[in-house]
Amino acid sequence: MELDRRSCLATLGMGALSTVAPRDSEAAPPTCPAGKEPLLLSDFRPRSMLHAKQTRVATPRFPVIDVHTHFTFAKGGRKGALSEDAVSVNMTAKDAVAVMDRAGVRSAVNLTGGFGKGLEETIAAFDKAHPGRFYTCTEPMWGAFQDPRYPQLQADAIEKAARGGAVGLKVLKTLGLYLRENGREGPLVKVDDRRFDPMWETCAALRLPVYIHVSDPEAFFLPIDCTNERWDELGHHPDWSFHGRDFPSHQELMAARDRVLARHPKTLFVGLHVGHDAENLPFVSESLDRFPNLTVELGARVGELGRQPRASRKFFETYQDRIFFGTDAVPPPEGESTPQQVFKPELYEIYYRFLETEDEYFDYAPAPVPPQGRWRIYGISLPDGILKKVYHENAERLLGLQK
């Protein structure tokens with residue numbers, strides 16, 4: 001009988017297979033075994049002998065608007081689909097501004113601002129306290145989904161959120177992978193369920209962009225075995241595996257998303273994480289060609305883009321007006337568990353280096369071990385005209401900030 005890998009990994013932390021070490025950048029280096037003693041994969045930290053150019057880009061060439069950050073979250077709604085009318089604050093606005101100033105980030109879009117009273121508190125603490133530095137989005141009221149009036153209640157909530165200052169709607173992968181007919185029980189609710197049509201149409205009427213994330217890297221939907229390139233990452237986060245059980249496939253999720261895009265042509269969608277398929281740029285390109293109402297951002301996918309630099313450079317050149325700068329940044333301490341998105345100046349430096357230089361074979365995250373997969377990345381050295389668009393001009397148009 002086949003073992004339940006998700007349960008096994010969660011219990012054993014990969015057990016005898018690897019003994020996974022913490023991703024703490026402050027952790028002491030491992031003691032290397034001598035001679036022919038076995039070497040754990042978690043202790044394998046090779047030092048590159050490549051004599052390659054090393055360019056530090058502490059600040060961007062042009063001002064940056066990060067359209068994908070998480071300074072707050074609606075309580076209870078990230079995986080359980082029972083969100084509350086309250087938010088948890090990951091970092092104060094004052095502390096966030098200090099990091100932004102060091103990193104050359106002019107403004108940040110806080111995607112997960114909650115709804116109702118929680119949203120009001122978030123906008124007051126961030127947007128109104130620091131005008132021009134923060135722009136906050138609202139989130140769906142997943143906890144009200146079982147109410148027969150939900151479609152209209154959700155539409156009304158979005159209208160209220162827009163009046164209160166929300167600049168968009170953030171849809172987490174709660175939709176498609178966590179939300180079930182009875183909250184946490186019953187069949188999964190499909191991404192293209194028509195009960196959400198009033199939500200999408202309200203966003204269109206109010207000209208609110210929808211920041212959508214309905215699928216994850218393709219490897220998350222495959223068995224966790226010796227052929228899975230994200231074996232390390234899934235060992236640290238076994239709950240990120242969507243292989244088996246009643247989860248839809250990556251392809252089924254993308255097809256459902258595409259049906260939503262086709263059914264709501266007047267709604268502008270920002271496909272987060274390079275349209276949820278950064279490892280398949282031909283597919284993302286096809287999606288952008290098919291759907292004029294689709295745009296993309298970069299959050300937590302510089303590791304994917306950077307290992308295919310020639311294809312990525314061509315992608316940026318072709319879709320330069322439809323790509324936004326984003327990092328998916330989460331402040332410490334929570335962000336430390338996912339170094340590829342930890343809200344620190346060191347993270348932004350990697351993005352700037354990737355976009356601005358021709359450096360080769362460098363880390364895509366500020367961590368001693370590559371957190372998403374054991375590879376390194378290459379810069380694509382975008383010309384100034386494209387850099388300006390990606391860094392801030394496209395976002396200014398998205399947020400209505402153009403003069």
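The legends below describe several close-up views of a predicted model.

**View 1. An open sheet of three parallel strands.** In this predicted model, three strands come together as an open sheet, arranged in the order S1-S4-S5, and their pairing is parallel. The edges of this sheet are formed by strand S1, which covers residues 64-69, and by strand S5, which covers residues 134-136, and each of these edge strands pairs on one side only. On average, and with direction ignored, neighbouring strands of this sheet are turned by 20 degrees against each other.

**View 2. The pairing of strands S1 and S4.** Strand S4, made up of residues 105-110, pairs with S1 in the parallel sense, and the pairing runs over four bridges. Asp66 has Ala108, a residue of S4, as its bridge partner, while Thr69 stands opposite Asn110, which also belongs to S4.

**View 3. The surroundings of strand S1 and the helix on the sheet.** Six of the six residues of S1 are buried, so this strand is largely enclosed by the rest of the structure; a residue counts as buried when its relative accessible area is under 20%. Helix H15, which spans residues 384-399, packs on the sheet and touches S1, S4 and S5. The direction of helix H15 makes about 65 degrees with the direction of S1.

**View 4. A nonpolar patch on the surface.** Leu39, Leu41 and Phe44 form a nonpolar patch on the surface, and together these residues have about 250 Å² of accessible area. Leu41 is located in the loop between helix H2, residues 15-18, and strand S1. With a relative accessible area of 31%, Leu41 is partly exposed, a description that applies because this value lies between the limit for buried residues, under 20%, and the limit for exposed residues, over 50%.

**View 5. An open sheet of five parallel strands.** Five strands form another open sheet, in which the order is S6-S9-S10-S11-S12 and the pairing is parallel. Strand S6, with residues 169-171, and strand S12, with residues 323-324, are the edge strands of this sheet, and each of them pairs on one side only. Strand S11, which covers residues 294-297, pairs with S12 in the parallel sense over two bridges. Within this part of the view, Glu297 stands opposite Phe324, which is a residue of S12.

Note on methods: Residues numbered from 1 in each chain as written. Predicted model: local features only at pLDDT ≥ 70, side-chain atom pairs only at ≥ 80, totals over all residues. Heavy atoms only, no water. Pairing = 2+ DSSP bridges. Axes fitted to C-alpha atoms, helices over the stretch in contact; angles between N-to-C directions. Contact = heavy atoms within 4.5 Å. Patch = residues over 30% accessible without salt bridge, like charges linked within 9 Å, V, L, I, M, F, W, Y side chains within 5 Å. Areas by Shrake-Rupley, 256 points an atom, 1.4 Å probe, with all protein chains shown as cover. Salt bridge = Lys/Arg side-chain N within 4 Å of Asp/Glu carboxyl O. Buried < 20%, exposed > 50% of the residue type's maximum accessible area, 1.4 Å probe, protein only.
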